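Notebook open, coffee at hand. I want to look up a handful of residues one by one, then step back to the whole chain.

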Amino acid sequence: MSNKQPRPVPAERIPLKARKVSFAWEDTPLHWVPGDPFTTHTINVLHLLLPAGERWFVHVYRQALPLIRDDRLREDVIGFIGQEAMHSQAHDEVLPHLREQGLDPTPYTAQVDWFFEKLLGDRTLPPGRARRWWLLERIALIAAIEHYTAFLGDWVLNAAELDRRGADPTMLDLLRWHGAEEVEHRSVAFDLFVHVDGGYRRRVRTWALAFGALMFLWQRGVRFFMEHDPTPAAGKASFRAFYRSGRRGTLPATGALLKSIPRYLSRTYHPSQEGSTAQAVAYLASSPAALAAEKAERDA
C-alpha cells in the first residue's frame with residue numbers, strides 16, 4: 001500500500017463567511033457574451049445545475065456535522081454551508097430573467113431536481129452501517145464535484161477574453177464572486193472526505209460518477225438552451241464548438257479540463273495546491289456585489 005498522503009498548503013486556508021449578495025438583471029441581454037450564444041448558454045447551465053446541486057450539498061453536510069471531530073474543520077464546514085446556500089439563491093434568481101427573455105428552463109431544472117433530490121437524496125435505510133455508507137458516498141461525491149467547481153472558479157477569475165468580448169458586467173460579477181468563493185473554500189469538501197473516510201477506492205469511484213454525471217447534465221443543458229433559444233441564428237451545441245471556444249478563451253480549454261483528472265486522482269492531491277486564495281480574496285475585495293453586501297451588513 002502506498003504511504004503517499006495529501007499535501008495541503010496551510011497558507012491557502014482562510015476563515016470563510018457568506019456574503020449576502022444581490023444582482024439586478026433587467027439590463028442583462030439574452031446573449032450576455034455579445035454575438036456568442038454558445039458561450040452564453042454553456043455558462044448559463046450553471047444557473048440550472050447549481051441551485052439544486054448546492055441545496056443538496058448543504059443538506060448532506062448538515063447530516064455530516066455530527067461526524068466531525070475537529071473544531072477547525074467544523075468551522076470550515078459551517079462556513080462552506082453558508083456560502084453554498086448563498087450561491088444557490090443567487091443563481092436561482094437568474095431563472096425568472098431567463099423566462100422573461102423567452103427561455104423557460106423548467107423542463108430541464110425538473111430533471112436536475114430529480115437527480116439531486118431523488119437519485120442522490122436520502123434513502124430509507126436502517127440506522128448503522130448502511131446509512132453511514134450512503135452518507136460517506138455522498139460526501140465523497142461532493143469532494144469530486146468541488147474539484148470541478150474550484151477549477152471553473154479559477155478559470156473564470158482568469159478569463160480575460162470574456163472582458164475583451166464585452167461580456168455583461170453583472171453576469172461576470174456573479175460568476176467571479178461565485179468563482180472566488182469556490183477557490184476560497186476549495187479544500188473544505190476534500191478535507192471533510194479525508195476526515196470521515198478518505199479511502200482511495202471510494203475517491204476514484206465517486207470521481208467517475210461525478211465526472212460522468214456532470215458531463216451528461218451539462219451537455220443536455222447546453223443542448224436544451226440552444227434548441228429553445230428564441231433567436232433564429234443561435235445555432236446548435238457541439239463538442240467542436242466547445243473546443244473552439246476553449247481555444248479562444250471564452251470557455252475552459254479542453255486540454256486543461258482533461259489534465260485536471262489525473263491531478264484529482266493522484267494520491268498526493270490536495271485542493272490547496274490549485275488556484276490562488278490571494279487572487280480570490282483580491283477579487284472579492286473589488287466585486288461590486290460583494291462590496292454592496294459588506295456595506296449593507298455594516299449599515300444594518
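I started with isoleucine 145, which sits in helix H5, residues 129-157. This is a predicted model, so I keep in mind that everything below is computed from it. Is isoleucine 145 buried or exposed? Its relative accessible area is 11%, which is under the 20% cut-off, so isoleucine 145 goes down as buried. Leaving out residues up to four places away in sequence, I listed what isoleucine 145 touches: Trp56, Phe57, Ala210 and Leu214. I also checked a distance from isoleucine 145 to arginine 203: the two are 58 residues apart along the chain, and their C-alpha atoms are separated by 11 Å.

Next, alanine 150, also in helix H5. Alanine 150 has a relative accessible area of 11% and is buried. Outside its neighbours within four places in sequence, I find alanine 150 in contact with Glu182, Val183 and Arg186. For a distance I took histidine 178, which is 28 residues away from alanine 150 along the chain; the C-alpha separation comes out at 9.8 Å.

Two of those names, Val183 and Arg186, came up again when I opened threonine 277. Threonine 277 belongs to helix H12, which runs over residues 277-284. Threonine 277 has 4% relative accessibility, and I log it as buried. What does the side chain of threonine 277 pair with in a polar contact? The partner is the side chain of arginine 186, at 3.0 Å. Setting aside neighbours within four places in sequence, the contacts of threonine 277 are Glu12, Ile14, Val183 and Arg186. Arg186 is thus on the contact list of alanine 150 and on that of threonine 277.

Then arginine 176, in helix H7, residues 169-184. I wanted to know how covered this charged side chain is. The relative accessible area of arginine 176 is 9%, so with the cut-off at 20% it is buried. Which side chain does arginine 176 reach with a polar contact? I get the side chain of aspartate 163, at 2.7 Å. Beyond neighbours within four places in sequence, arginine 176 has contacts with Val156, Leu157, Ala159, Ala160, Asp163 and Tyr283. Val156 and Leu157 from that list fall in the residue range of helix H5, 129-157, and Tyr283 falls in that of helix H12, 277-284.

On to threonine 40 in helix H1, residues 37-64. Its relative accessibility is 0%, which counts as buried. The side chain of threonine 40 reaches a backbone atom, the nitrogen of tryptophan 32, at 3.5 Å. Not counting residues up to four places away in sequence, threonine 40 touches Leu30, His31, Trp32 and Val33. I also tried isoleucine 142, which is 102 residues from threonine 40 along the chain: 26 Å between the C-alpha atoms.

Last residue of the session: phenylalanine 115, in helix H4, residues 106-119. With a relative accessible area of 15%, phenylalanine 115 is buried. With residues up to four places away in sequence left out, phenylalanine 115 touches Leu120, Ala213 and Leu217. Glycine 166 is 51 residues from phenylalanine 115 along the chain, and their C-alpha atoms are 35 Å apart.

Now the whole chain. How many helices and strands are there? I count 13 helices and zero strands. The radius of gyration is 19 Å, close to the 19 Å that the globule rule gives for 300 residues, so the protein is as compact as a globular protein of that length. Along the principal axes, the C-alpha trace spans about 55 × 40 × 35 Å.

Some totals to finish. Buried residues make up 53% of the 300. Of the contacts between residues at least 6 apart in sequence, 85% join residues at least 24 apart. The accessible surface is about 14,500 Å², and carbon and sulfur atoms account for 56% of it. For the charges, I have 38 positive and 35 negative, with their mean positions 10 Å apart.

Methods
Residues are numbered from 1 along each chain as its sequence is written. This is a predicted model: local features need pLDDT of at least 70, side-chain atom pairs count only at pLDDT 80 or more; totals for chains, interfaces and linings use all residues. Side-chain values use heavy atoms; hydrogens and water are left out. Helices (H or I, at least four residues) and strands (E, at least two) are DSSP runs, numbered from the N terminus. Buried means under 20% relative accessible area, exposed over 50%, partly exposed in between (1.4 Å probe, protein chains only). A polar contact is a pair of N or O atoms within 3.5 Å; within protein, one must be able to donate a hydrogen and the other to accept it, and residues adjacent in sequence count only if both atoms are side-chain atoms. Contact means heavy atoms within 4.5 Å. The radius of gyration is taken over C-alpha atoms; the globule rule is 2.2 Å times the number of residues to the power 0.38. Accessible areas come from the Shrake-Rupley method with a 1.4 Å probe; for residues, only the protein chains shown count as cover. Lys and Arg count as positive and Asp and Glu as negative; His and the chain ends are not counted. The place of a charge is taken as NZ of Lys, CZ of Arg, CG of Asp or CD of Glu.
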